Number of protein chains: 2
Amino acid sequence: MVAITIKDVAALAGVSVATASRVLSGNPATSPDSRARVAAAVTELDYRPNAQARALRSTRSDSIGLLVSDVRNPFFADLAHTVEQAALAAGYVTLLGNANERKEQQDRYLNTLISRRVDGIIVAPLGDGSGSIRSLITREIPTVFVDRTVDGLDIPSVTTDSEAGIRQAVEHLAAAGHTRIGYISGPQATSTGRDRFAAFTRAIAVAGLSQDPDLVYFGDYQAASGSAGVHALLQLREPPTALLAADSLMAVGAIAILHKLGRRIGADIALIAFDDIEWFALLNPALSVISHSVEEMGRIAVDMLLQVIDGGQPESVVLPSELIVRASSSTPTSPASGPSLRTN
Amino acid sequence: MVAITIKDVAALAGVSVATASRVLSGNPATSPDSRARVAAAVTELDYRPNAQARALRSTRSDSIGLLVSDVRNPFFADLAHTVEQAALAAGYVTLLGNANERKEQQDRYLNTLISRRVDGIIVAPLGDGSGSIRSLITREIPTVFVDRTVDGLDIPSVTTDSEAGIRQAVEHLAAAGHTRIGYISGPQATSTGRDRFAAFTRAIAVAGLSQDPDLVYFGDYQAASGSAGVHALLQLREPPTALLAADSLMAVGAIAILHKLGRRIGADIALIAFDDIEWFALLNPALSVISHSVEEMGRIAVDMLLQVIDGGQPESVVLPSELIVRASSSTPTSPASGPSLRTN
DNA sequence: CGTTTCCATGGAAACGATTCCATACAACAC
DNA sequence: GTGTTGTATGGAATCGTTTCCATGGAAACG
């Protein structure tokens, strides 16, 4: 691996490294002659500037960190794609980290990102403001929270207003005659887990539905806990007639076990999931969901991060959520219809 | 953003930067006294070594690049997760890039990765050995191909033997009485697109099925092209009675349009997809698939890359594929059964 | 023609770490 | 007491850039 440096380029072009550097960085104080000779030398040698050295000198790394819980979650995969593409368009590369919903992995990754001197960090945070999150603040590292927040920290964020979507979902189920809705909650260590749970609690109170605490199962946003939740809820003396899962993976787990148990979704039991995933509409019956726009979230997050990097102080953004009714939430009285035509 | 350097640590600890550096890198030539004082200074100042500077001096960046076509493809999301976790365990962070199945984006990203001096690159390549792929070779940058290869390049790879799975799928469909199988192919610019197509061609010849060229539609591994493929194939004078999609996303597109057209999968038309995705088993009817292990592929790729970085020359690995029969491939004569119990 | 302005240029100092090399000192053997 | 190890230490060079500063020559001005 022969290293070709700017020295080689300068030598071949017959100019000093200073001039070569100026040409390479587009500094106008260069003669057309030098420009041409340097350009020729660059292609001749297939020279690639060393980004490390450049970063060291200029204290910009042209990279951002993206820390999510798990890219295998379609929601975060979409987010990762959008963020990566938007960042690339702005000249940044993206370092991807999976925290796997574990605080110590999050801290470990944040430390790595700090060490790498990324120019900014987009993170779907976990836990409270302790650990490495605090370092981000004391070091004034440009940071944007996405999807989730951390209480008491003054960091701009892009989140979803779960309240509206969840209220619509509960009202929809209540209107269909359901009185006992089982809720498969996200972890309370995440703001989304807490917010959605709170929204659900308020919604069933307003709708006058059963507030039996046994109807709530606390999962971890992974598929397996969705299955476990269904298992637990169906064993109640008075099992729920409808289910609301706080994210798509737990909904997948729920569907899997319901299939296995022979319970017909949309007929024997209603199911609504938070997060819309393209193929949820392909299920039979098509899954009713609370939808919010991941792409928008990702784009806005990058926008905001760029602003913070530029010294700005963008306002936090809250995106709406809305219920999309498909077949899986059909009423206990009215049987399941065919696949919905609504494909969104 | 006050920058704390090793100088500050050394000053506070009352030692030279050389000694501080030695302590930090675990060099044994240090006294217990210095060790203690440096350690105290590090925590006191919350010092984080600058990875850029370290990389510049040591010519190792402790980072690898992972370039896939699209993380939104569950196959690549799984791969990204596995690779990222395996790399992290080995002390590397992962730079993620999406080439979006476009050569120029692949080249652009490869250039960036070269400039960043990543220690190695794992890539699901696209196209031939032209463009920036060639630079990888001339610069002897440790590289491993994953899922796909590029003809004529001496780069170790981890791929899947599509042949077996596809043969099984075709035989399975032939045994059920299908004679006209529609094939939704991947792009011929990818080795998997070519290999799977070739395997399909051989398999239908061996099985004595129709080799009508109109039964092949060339897609691009994206959902939309799956829909387009189904659309085209169903308009044939003699439409196929079974479909084989060369990846999961095109299968999703196919399912979407089949739903819309009211064709019952597993009854009116059979469908098998290449790539197994967790929730394919949750569809109704559950999707028959040609399965191969992404996790294994990712782990092996990282293993091999670490070997190459260490100067080794690992042998390429070919992983098996196998048909998993569920309900979507039921015969035209025997109607669809319920959801398969096989959940893998 | 002399003086000022402008601009391209090269030398050299940074950036923050690692590491070679020389030194100083203690410990040991003779 | 001298000589030989050995060990902890600090100074300084180095990695590949960018950028400040000084310089030299051409152009423009009186």
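Here are three short exercises on a predicted model of protein chains with DNA, each with a worked solution.

Some ground rules: residues are numbered from 1 along each chain as its sequence is written, and chains are lettered from A and ligands numbered from 1 in the order written. Local features need pLDDT of at least 70 and side-chain atom pairs 80 or more, while totals for chains, interfaces and linings use all residues; side-chain values use heavy atoms, with hydrogens and water left out.

**Exercise 1.** Work out which residues surround DNA strand C and which kinds of contact they make.

*Solution.*
- Step 1: Start with the neighbours, where near means a heavy atom within 4 Å. There are 25 of them, and the closest are Thr19(A), Ser34(A), Ile6(B), Ser21(B) and Arg57(B).
- Step 2: Sort them by type. You get 12 nonpolar, 8 polar and 5 charged residues.
- Step 3: Check which part of the DNA they meet. Sugar or phosphate holds 65% of the strand C atoms within 4 Å of the protein, and bases hold the rest.
- Step 4: Look for polar contacts (N or O atom pairs within 3.5 Å). The backbone of Ser16(A) puts an N or O atom 2.9 Å from a phosphate oxygen, and the side chain of Arg54(B) has one 3.2 Å from a phosphate oxygen. For a base contact, go to Arg57(A), with a side-chain N or O atom 2.9 Å from a base nitrogen.
- Step 5: Assign elements. Those giving two or more residues are α2 (17-24) and α4 (51-58) in chain A, along with α2 (17-24) and α4 (51-58) in chain B. The largest share, 4 residues, is from α4(B).

**Exercise 2.** Do the same for DNA strand D.

*Solution.*
- Step 1: Again 25 residues surround the strand, with Ile6(A), Ser21(A), Arg57(A), Ser34(B) and Arg57(B) the closest. Of the strand D atoms within 4 Å of the protein, 62% are sugar and phosphate.
- Step 2: On the phosphate side, a backbone N or O atom of Ile6(A) is 2.6 Å from a phosphate oxygen, and the Thr19(B) side chain has an N or O atom 2.7 Å from one.
- Step 3: On the base side, Arg22(B) brings a polar side-chain atom to 2.8 Å from a base nitrogen.
- Step 4: Here α4(A) supplies the largest share of the surface, 4 residues.

**Exercise 3.** Describe the overall build of chain A.

*Solution.*
- Step 1: Count elements: 12 helices and 12 strands, taken as DSSP runs (H or I, at least four residues; E, at least two).
- Step 2: Size up the box, roughly 85 × 40 × 35 Å along the principal axes for the C-alpha atoms.

Terms used:
A polar contact is a pair of N or O atoms within 3.5 Å; within protein, one must be able to donate a hydrogen and the other to accept it, and residues adjacent in sequence count only if both atoms are side-chain atoms. Ala, Val, Leu, Ile, Met, Phe, Trp, Tyr, Cys and Pro count as nonpolar, Asp, Glu, Lys and Arg as charged, and the others, Gly among them, as polar.
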